Amino acid sequence: MSDVGDIAAGALPRGIEFDVLGPVELRIGGRATGLSSRKQRLAVSVLVTARRRIVSVDTLVDALWTDAPPASARHVVHNHISVLRKALAAGGADRLLHTDGAGYSLVVADDAVDAGRFERLAAIGQRLLASGRWIDAGEALHCALDLWRGPPFGELAGAAALDAEGRRLDELRMAAVEDRIDAGIGAGQHDRLVGRLEVLVAEHPYRERLWGQLMRCLYAAGRQADALHAFRRVRRRLGDDLGIEPGPELVRLEAEILVQSPALGLGGGVAVRDAAAGVGNMPRRRPELIGRAAEVVRAAGMVEAGALVTLVGPPGVGKTTLALAAAAVAAERFGDGGWLVELAAATRPHEVVALVVAALGLFSGDKLTSPSAVADVLGEQRRLVVLDNCEHVIGAVIELVGAVFIRCPNVAVMATSREVLGCIGEQLVRVTPLGLPDATRLFIDRLDRAGVHPDDVDRHAVDEICARLDGVPLAVELAAARSSAVGLDEIRERLAASNYDLGQRPTGVERHRSMQALVAWSYDLLSADEQRVFERLAVFADGFDLDAATAVGAFAPVCEAVDAHVFSLIDKSLLSVQHTAPVRYRLLEVVRQYAASRLADRGDADEAGRRLLLHYGSWVGRADAGVRGSDEVRWHRGFTAEWNNLRVITRRAIDAGDVDTACRLVWRTRWWATQRDRLEIGEWAHAVLAMPGADAHPLAALVRSASTEVARRRMLWEAYCTQQADGARREEIAGPAPEPWVAMDRFWLDAVTVDAERPACVDEILARAGDSLFWRTAAAWCDAFMSSIRLSTDLAGNADADWRRVHRCVELADELGNPTWLARAMNLHGCAMRSIDPDASASLLERALATARSVDSGLVEAENVVDLAMSYADAGRPLDSAALVLDGFARYRRAGASLQVRDMFILSFRALVQLGGDEAACIVAAHMARGVTDVWREYFTPRRLVTVVEDRLGPARTTRLQVMARHQRTRDAIDQVERVLTDLHATARS
C-alpha cells in the first residue's frame, strides 16, 4: 500500500475527487461541480477510466457520438475539456489535466476516484478475511460498498466506451458483497444473512458462490433440510436455463451438509480472530464511519509505510474515531498488536510517559520515567501505538516520538492532535469536516437510531442545519440528538440566531460532551495574543485573506505579528485554510460563534468591526477598478469570495450609521453584481438610501441608480418589446447621470427602433468618459449594437459604416482586455456575421459564450446563449439550438432571468419547427405574440416558419391550439415546451 502513502503525502490536490460509482460527479471540497451535461460527464468518465493514459481526441469523439459525429465534434470535445479544466482550476488542480498533440490525459491517483478507493478497501477486506479477522473484514468491506451510489457511471451505463469498465466494476462489487457475507458468516451472523441471501440469489441466480453461502447459513441456523433444498433449487435452475451441473464446490458442500461434517464449523456465533487481533487494547466495537472511507484507507496505508502519522483537524471533526478505524485496518501488520494511549488525562508533560507505560503494559527491572527508557523496552517489538489528544502536552509527545523513531524500527505511531507535532518524518492527514451529502447522511442516521423515521424528516431542513454546522461531525450528531426532542425548526432558528448550544452527549471525557467544551479546550491552550487575534477574526462572516486578517487584528495590545498568530491558529486547527488563489482562511461556524462570544465579553467587538469596515471600504474600490480592467478574472474571484462578507459588512455599515462606507460599498459593487444577476445589490442600495443623511452624500445619485436596477430592467424590456418610451418613463428609468454608467441605461431607450442610426447616449457616455478606456469601449459597443442588428438582418443602412463600428468595438475591447467587454464585442461581431456566414457566426458566438462563462458573467452569458442558438438554427443545427434553449430555460428557473424568457420562447419556436414539434410550436407562438410588435416578431420568427406549422396542422387546428395557449401561464408553457424539446432532442440523437 505504498502508493496510498504517496497519495496522502501530496500526490493529489486536497479535496479533488471523481465519483463514478453512481452518477458521474467531479467533487471539489465535497461539493459536486462543473459537469452539467451528459456529454461532459461522458468525456470525463472516459478520461477517468484511462487514468494517466493519453486519450486521443478521435477516441473521445467516438465515445461521445456512437453514430456519425457532427462536423463540430472535435470542437465540442475541446469545449468539454475546457469546462473540466476550468472546474479543476477552481480547486487549484488544473495541473491534473494534461494536453499534448494526440489528446488529453487525466493524471490522478487511484484514491482521487471513488472506484479506486473502493478497490483498495475491497482488497484490504479480502486480506483481513484471509487472516480470519471477520469483524474487521466486514467493516472494511462495508466501507468499500458504502461508496456505491448506483450503477457504475449512472445514466451513462449504456455508453459503449464505458461498457467494459462498467462490467468490471460490477463484478468487483458483487465479489465484495460476497466477501462481506463470508465475513458475516465467520462472525456468526447466519440468521441475519439468510433473508439478504434469498434476495441476492433471486437477483443473481447463476452465482454459485451466493448459493453456497445461502446453504451454509441455512445449515448453521439449524435448517439442514432448507440448505439441501437450496442446492436442489440451484441445480434445477442451472440445468433448465444453461444445461449445466453445479460446480465441484457446491457439490462438495452438499455432501458435507448431508453427513453434518465437522468441516462446516462456522464460528458458532462467535467472532473468530487471529492471534494478533487478540493482542492490544484497541476498542473492539467502533461506531460506523460515514463519509470517511478514503481517509481510513489513506491513514492506514501511511502508518503501514511510515513511523509517524498525525491526524490533525479542528475540534469535533472526528480525529479519534478515524484514527481507531484506520488502526484497526493497519494493525494486522503489527504482530504485537495495536495499542491506544489516551493522553487527555495528562496535566503535566512528565505524565505522558506514565500513561504510555500503563497503557502498553511495559515492565522492566527499573521504573520507566523517560522516553529513552520506554524506547529501550519497546526495542524490536512490532507495535502500532495510537496517541490520542496530544495538543496540550505536545512537547512531551515530540520527545517520546523522537526516541521511539530512533530506537524502535518496528514501532509505528499514529497521533491525533489539533496541532502538527513537527517531528522529522511526520506524515499528516488533515481531517476536515464532512461534505454536505455525508453530513446529511450522518444526521439522518443518528435520527434513525433515535427512533425518528427518515421518511418523516424534512431533508431541506436537514441540509440547511448541516450546512450551518459546516459538516462538523460532533456538531451534526449533537444537533440530530437535540432535534429528535425539540424539532428541526427550532434547531434551525437557534443556529440562525447564533444560539449554538446544541446540548451534550454522554461521554467519559468532559471536554468531548459539547462543542463549546471542545472549542474552549483549544482556546485555553492559546497564548494571550493568539486568543485576541482568534476573537477578532469572528467579525468575518465568511473566509478572508491575510491582508484582511491583519487589518482587523492589528490593534492594541496585539498590534504586530498578526500574520504569525494566524499561522499559529492554523497549526492548532482553529483556523481552516481554503486552497484558493490567493489563499484564504476561515473559522468554522461553530468555532466562529465561540470566538464572537469571547470578543463581546472582552469589549473589542466595536473596534474590530470598525477596522473591518475600513478595510473593505478601501478594498472594494480597488476591486471595482480591477474587475473593469484586463485583470477581471482575478478580481471576479475576489468579489465571489467576498460576497457574503460584503453583504454582512454593508448591513454593519448601515447599522453603524456609516453613510460614506455604505455608499461606497454599494456603488463599487454594483458593476460586478449586476453583470452576474446578483440583483440583491438593489436591496442593499434601497437600505442605504433610507439612512439619515444619505440623500446629501455625493454618491447618493449613483446609489439610487442601483436601487432601481430590477425595476429599470423590467421597464427597459417593456420598451424594447413595445418600442414605446414616453418622456416620463425615460426620466424614471434614467434619472440623474453623474457617471457614464447611468447613460448606458438610456441606450436602450434610444435603440428601441431598429432603424436608429446612432444611439444618442453614445455622445453622452463619451463626454463623461474622459480617458477611461472602459467607458470608451462601452460607448463603442452602444454605437455598434444597432449596426450589428442591421448587418445580421439585411436591414437598410450604410453597411460600410456599420462594419467600421463593429470592428472599432472589437478593437477597443481587445485593447481593454476585459473579458466581459470582449464577450460583448465578439457577440456583436458574431451576430453581424449571421447573414453572411452562419458557421463563422456560430464559432464567434461560441468563443463569446466561453469568455462570458470564464468570469461568470450571467447577464452576458444569457445574451450569448440567445444569439448562439439563433446562429445554430440559421446554420441548420436544430439539435444544438434546442440544447441551448433547454439550458436557457434551466437558467431562467434557477435565476429568474425574466428578460431572456421571451427570447427562449422565440428560439424554442424555431427549434420545434425544425425538429417537427408543431403543436408545441403553436403554443410558443401564442406566448411569443404577447406584447411583441410585428417588426420584432417578423425578425425573430419569419413568416415562412409560421406557415410551415399551419401547413402541417391545418389552419383550424392551429387556431384552436393558439387560443388555448393564450390562457396558459408562462410557467406551464415552459414546462410543456421543455418536455417536448427534451423528447425531440433525445429521439433525434438516438
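In the predicted model, L387 of β9 has A415 as its bridge partner in β10, and a further point of register between the two strands is given by L384, which stands opposite A412 of β10. In total, β9 and β10 are joined by four bridges and run parallel to each other. On the side of β8, the pairing with β9 is likewise in the parallel sense and extends over five bridges, with L384 of β9 serving as the bridge partner of G338. The connection from β9 to β10 passes through α16, and the resulting β-α-β crossover is right-handed.

These strands belong to an open sheet of five strands, arranged in the order β8-β9-β10-β7-β11 with parallel pairing. The edges of the sheet are formed by β8 (338-342) and β11 (427-430), each of which pairs on one side only. Averaged over the sheet, and with direction ignored, neighbouring strands are turned by 20° against each other. Helix α13, comprising residues 319-330, packs on this sheet and touches β7, β8, β9 and β10, while its direction makes about 165° with that of β10.

The environment of β9 can be described residue by residue. Both of its faces are covered, with L384, V386 and D388 buried on one side and V385 and L387 buried on the other. Because five of the five residues of β9 are buried, that is, under 20% relative accessible area, this strand is largely enclosed by the rest of the structure. L384, the bridge partner of G338 and the residue opposite A412, is thus among the buried positions of the strand.

The helix of the crossover, α16, spans residues 394-407 and contains 14 residues; the distance of 20 Å from its first C-alpha to its last is close to the 20 Å expected at 1.5 Å a residue. Within α16, the buried residues are I394, A396, V397, L400, V401, A403 and V404. The buried residues of this helix pack against three strands of the sheet, namely β7 (308-312), β9 (384-388) and β10 (412-417), and also against the helices α14 (351-360) and α15 (371-378). Helix α16 therefore contacts, through its buried residues, the two strands that it links in the chain, β9 and β10.

Key. Residues are numbered from 1 along each chain as its sequence is written. This is a predicted model: local features need pLDDT of at least 70, side-chain atom pairs count only at pLDDT 80 or more; totals for chains, interfaces and linings use all residues. Side-chain values use heavy atoms; hydrogens and water are left out. The expected span of a helix is 1.5 Å times one less than its number of residues. Buried means under 20% relative accessible area, exposed over 50%, partly exposed in between (1.4 Å probe, protein chains only). Contact means heavy atoms within 4.5 Å. Two strands pair if DSSP finds at least two bridges between them. Axes are lines fitted to C-alpha atoms, for helices over the stretch in contact, and angles run from 0 to 180 degrees between N-to-C directions. A crossover is right-handed if, with the strands pointing away from the viewer, the path from the first strand over the helix to the second runs clockwise.
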